[in-house]
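Subject: Handing over a structure, with notes

Dear colleague,

I am passing this structure on to you, and I would be grateful if you could read the notes below with the sequence and the coordinates open beside them.

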Amino acid sequence: MRTANLMCRQGTYLRGLVSRSHQARIPRSRSFATPAFDSSNPRIPPYLKLIKNYEKVREVLGKGAALTLAEKILYSHLDNVEESLLTNTNGGRDIRGTANLKLKPDRVAMQDASAQMALLQFMTCNLPSTAIPASIHCDHLIVGERGAKSDLEEGIKMNQEVFDFLESAARKYGIEFWPPGAGIIHQSVLENYAAPGLMMLGTDSHTPNAGGLSTIAIGVGGADAVEALVGAPWELKAPRILGVELRGQLSGWSSPKDVILNLAGQLTVRGGTGFIIEYFGSGVETLSCTGMATMSNMGAEVGATTSIFPFSPAHVRYLEATHRHDVAAEAKKFSEIVQLRADADAKYDEIIAIDLSTLEPHINGPFTPDLSTPLSQFKQTVKEQNWPDKLSAGLIGSCTNSSYEDMTRVESMVREAMEAGLKPASDFYVTPGSDQIRETLRRDGPLETFKEAGGTLLSNACGPCIGQWKRHDGVEKGTPNAILTSYNRNFRGRNDGNPDTMNFLASPEIVTAMTFAGTTTFNPMTDSLPTPSGKNFKFTPPSGLEIPSKPFEAAREEFRALTQNPDPSVTVAIPPTSERLALLEPFDTFPDSELTGLRVLVKVTGKCTTDTISAAGPWLKYKGHLPNISANTLNTATNAETGEVNAAYDLDGSRHAIPELGRRWREAARPWLVVAEHNYGEGSAREHAALQPRYLGARVVLAKSFARIHETNLKKQGVVPLTFADEADYDRIGARDEVDTVGLRDMLVNGGTGEVVLRVRRFGGGGEEVLIRTRHAVSRDQADFILAGSALNLLSKR
């Protein structure tokens with residue numbers, strides 16, 4: 001039971017209910033004669049196979065077992081139903097949080113930054129093709145600066161060898177390749193691959209975006225993706241299910257973005273860890289497919305495994321508008337059998353209720369996506385916190401909010417303001433999520449409206465959302481300033497490399513209104529703006545279209561996917577002198593004894609995200625070159641003992657940058673560990689945050705708690721993640737302390753069973769020795785990965 005002591009700024013309490021207490025009033029699954037399904041289109045999920053597996057699930061758990069939607073889709077993808085559901089689960093009665101599900105996903109999607117390392121790992125397995133359909137999306141390496149055309153040309157020029165590598169690998173292994181400028185991975189997936197009942201993995205933390213189309217979509221690291229690509233089962237600890245009941249209907253200024261901003265304020269960045277968020281209730285039927293995708297996208301910000309919505313008429317409308325009538329027809333047949341919603345008496349572990357009719361717009365930030373403030377209180381909060389009143393820039397779009405509905409709602413505002421003689425008072429940037437969206441907006445008018453208003457139309461790429469932003473507004477690094485964005489993440493320094501840029505997350509509509517005002521204290525629901533004519537102008541509530549009146553315009557020819565069969569004659573392009581790409585060398589195996597003589601490289605305090613461990617921005621160019629990118633490891637982490645950023649001390653007292661000391665210890669064959677606080681590895685799915693420390697010599701990370709994806713990534717790279725059994729022990733270990741493990745080797749050999757203790761000899765402590773008890777969540781398969789040195793070492797031998 002979740003206690004009701006978590007509160008967002010507006011005072012809305014999280015409602016914790018007794019575990020498994022909810023009874024949804026939805027018909028139970030029924031049995032039908034299995035109809036014929038189309039198996040000719042690889043973009044249609046393998047529905048017949050899933051139905052057969054689903055029937056096996058019902059047989060194993062009993063015909064009367066009530067399942068949530070998330071469980072139906074997950075369990076339908078089990079490799080061995082009985083093994084996963086009946087091993088150590090009290091006869092299938094205690095699956096959630098206990099069972100290790102071994103799953104066979106239908107598809108893998110990779111963005112260009114993470115695809116480099118994933119493909120380098122896949123190549124070591126020496127297979128002629130991927131075992132399941134996969135796609136590569138070139139969206140992370142384009143810098144947003146002056147506009148789409150020049151930015152794209154410059155991005156291709158600067159990253160040509162990486163794009164050549166990715167395209168050649170795609171041709172060789174039969175992977176669909178989306179070129180630079182085609183679109184952001186999550187928008188492209190929603191438009192082309194997401195489908196009700198599908199299960200997919202993506203090498204990006206916002207992969208759950210596809211949950212808006214009733215897809216189980218989970219963000220993973222590259223090693224996890226490789227498991228699926230080679231056809232091996234992918235393991236997941238069975239999530240608990242957090243039900244979010246939606247009532248009423250959004251209206252006026254409130255949008256789907258405000259639902260998830262409000263929920264993030266209630267749950268915090270750790271509150272969804274170990275859960276799938278499953279939305280249900282009458283309010284679901286009032287939402288658009290792309291609105292559901294926005295909410296699913298930002299479930300990553302609360303640590304959720306993924307988010308999902310029940311199949312609804314909005315999904316059919318969206319599938320047909322995106323030229324997928326065949327997928328819509330097959331999905332409807334599938335749902336008649338499996339019922340793509342929770343069973344009538346399905347039980348959620350916890351429930352939160354949100355009334356859409358009374359929800360007001362929210363703004364979250366700065367520096368964390370869970371600091372949630374209602375719009376009505378934001379002006380006062382800005383003053384109380386001494387946040388900047390001036391708005392430097394407003395940025396809309398991104399994978400979270402670039403739908404046709406988002407953009408047409410914004411256009412209604414922009415056109416109204418322009419008719420009153422107004423122009424944006426702050427820099428205004430617009431990022432379409434895909435070329436299909438861009439061309440449809442061009443056809444229907446909004447694109448021209450944004451241009452007339454003076455907006456900068458960026459490329460169909462991630463751009464400023466992930467730190468690929470070159471500003472020209474005179475804001476120097478170290479200068480406090482405020483930006484408003486419709487993005488999903490706002491860690492310190494993330495967007496422009498300036499740790500003093502405060503990014504406030506909001507809906508595209510609120511971002512646009514404040515951009516016209518030029519101030520963070522403007523409330524479009526109550527405030528007016530002076531016009532050149534001397535009259536006051538007040539925005540009317542925005543309005544837009546869920547989908548275009550005609551089907552979406554096709555992307556331009558040069559931005560369509562390259563689809564081909566595997567071609568073994570293709571040579572993967574890796575220049576021998578490249579500074580951007582390097583073949584991987586296998587990591588060393590776990591020793592035949594306990595780890596001894598480890599040293600604490602640094603003790604970190606505060607938020608330590610994957611951005612902290614492996615920064616993006618200018619470092620993205622080294623994503624395919626592990627030795628080079630390791631030079632940024634933990635370079636924005638705060639030393640708990642000195643308060644310095646990117647500072648660590650060698651045994652002789654000399655001061656070094658953290659990655660520099662890591663490299664020195666690697667060269668001296670001195671293995672090390674990191675000590676950290678809560679939610680270590682929060683944020684993106686980037687496995688470099690695990691690969692880089694491992695490359696530099698890390699064998700253990702000891703923290704108060706871990707983010708799900710990062711904890712898994714560490715294990716896949718042979719690093720052991722341990723948590724304090726007693727969090728107070730964080731104060732009993734420090735930098736340069738010498739550490740031996742006790743029981744670690746036995747735990748790994750015994751398949752994850754056993755306790756691990758750390759014997760700590762305090763540095764400069766005159767021989768003082770401390771024993772620190774730890775906890776772990778290492779499964780049998782993960783123990784094998786760690787013993788082998790990495791998951792890749794094991795996979796490459798199979």
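The notes that follow go through a few strands, helices and loops in turn.

Please keep in mind throughout that this is a predicted model.

I begin with strand β9, which covers residues 275-280 and is mostly covered, with 6 of its 6 residues buried. In general, the side chains of a regular strand alternate between the two faces of the sheet. In β9 both faces are covered, since F275, I277 and Y279 on one side are buried, and I276, E278 and F280 on the other side are buried as well.

Strand β9 has a parallel partner in β8 (residues 240-247), with 6 bridges between the two, and within this pairing E245 has F280 of β9 as its bridge partner. Strand β9 also pairs in the parallel sense with β10 (residues 306-308), here over 3 bridges, and I276 stands opposite T306 of β10. The connections can be followed along the chain too: β8, helix α9 (residues 256-267) and β9 make a right-handed β-α-β unit, and β9, helix α10 (residues 289-297) and β10 make a right-handed β-α-β unit as well.

Elsewhere in the model there is an open sheet of 5 strands, which are arranged in the order β4-β3-β2-β5-β6 with parallel pairing. Strands β4 (176-178) and β6 (216-219) are at its edges, and because each has a single partner strand, one side of each is left without a neighbour in the sheet. From one strand to the next, the twist averages 20 degrees.

Within this sheet, β2 (residues 107-111) and β3 (residues 134-137) pair in the parallel sense over 4 bridges, and the bridge partner of A109 in β3 is S135. Two helices can be placed against these strands: helix α4 (residues 112-123) lies across β2 and β3 and runs at about 115 degrees to β2, while helix α6 (residues 160-173) packs on the sheet, where it touches β3 and β4 and makes an angle of about 155 degrees with the direction of β4.

The next point concerns a pair of helices. Two packed helices are described by the angle between their axes and the distance between the axes. For helix α1 (residues 47-61) and helix α12 (residues 325-338), the packing angle is about 5 degrees and the axes are 11 Å apart. With angles under 35 degrees counting as roughly parallel, α1 is therefore roughly parallel to α12. On the α1 side the contact involves Y47, L50, I51 and Y54, which meet E330, A331, F334, I337 and V338 in α12. The residues of this contact divide into 8 nonpolar, no polar and 1 charged.

Helix α21 (residues 688-696) is mostly covered, as 9 of its 9 residues are buried. Among these buried residues are H688, Q692 and R694, together with L691 and L696. The helix is followed by G697, which has a positive phi near 120 degrees.

Some single residues in loops also deserve a look. In the loop between α4 and β3, N126 has a positive phi near 55 degrees although N126 is a residue other than glycine. In the loop between β25 (672-675) and α21, N679 is likewise not a glycine and has a positive phi of about 60 degrees.

Which of these residues is buried and which is exposed? The cut-offs needed here are under 20% relative accessible area for buried and over 50% for exposed. At 67% relative accessibility N126 therefore counts as exposed, whereas N679, with a relative accessible area of 5%, is buried.

Two further loop positions complete these notes. The peptide bond from G365 to P366 is cis, with omega near 5 degrees, and P366 has its place in the loop between β12 (362-364) and β13 (372-374). G474 lies in the loop between β16 (456-457) and β17 (481-485) and counts as exposed, at 60% relative accessibility. The C-alpha atom of G474 is separated by 10.0 Å from that of S392, and these two residues are 82 residues apart along the chain.

With kind regards

Methods
Residues numbered from 1 in each chain as written. Predicted model: local features only at pLDDT ≥ 70, side-chain atom pairs only at ≥ 80, totals over all residues. Heavy atoms only, no water. Buried < 20%, exposed > 50% of the residue type's maximum accessible area, 1.4 Å probe, protein only. Pairing = 2+ DSSP bridges. Right-handed = clockwise from strand over helix to strand, strands pointing away. Axes fitted to C-alpha atoms, helices over the stretch in contact; angles between N-to-C directions. Contact = heavy atoms within 4.5 Å. Parallel < 35°, antiparallel > 145°, perpendicular 65-115°, else oblique. Nonpolar A, V, L, I, M, F, W, Y, C, P; charged D, E, K, R; others polar.
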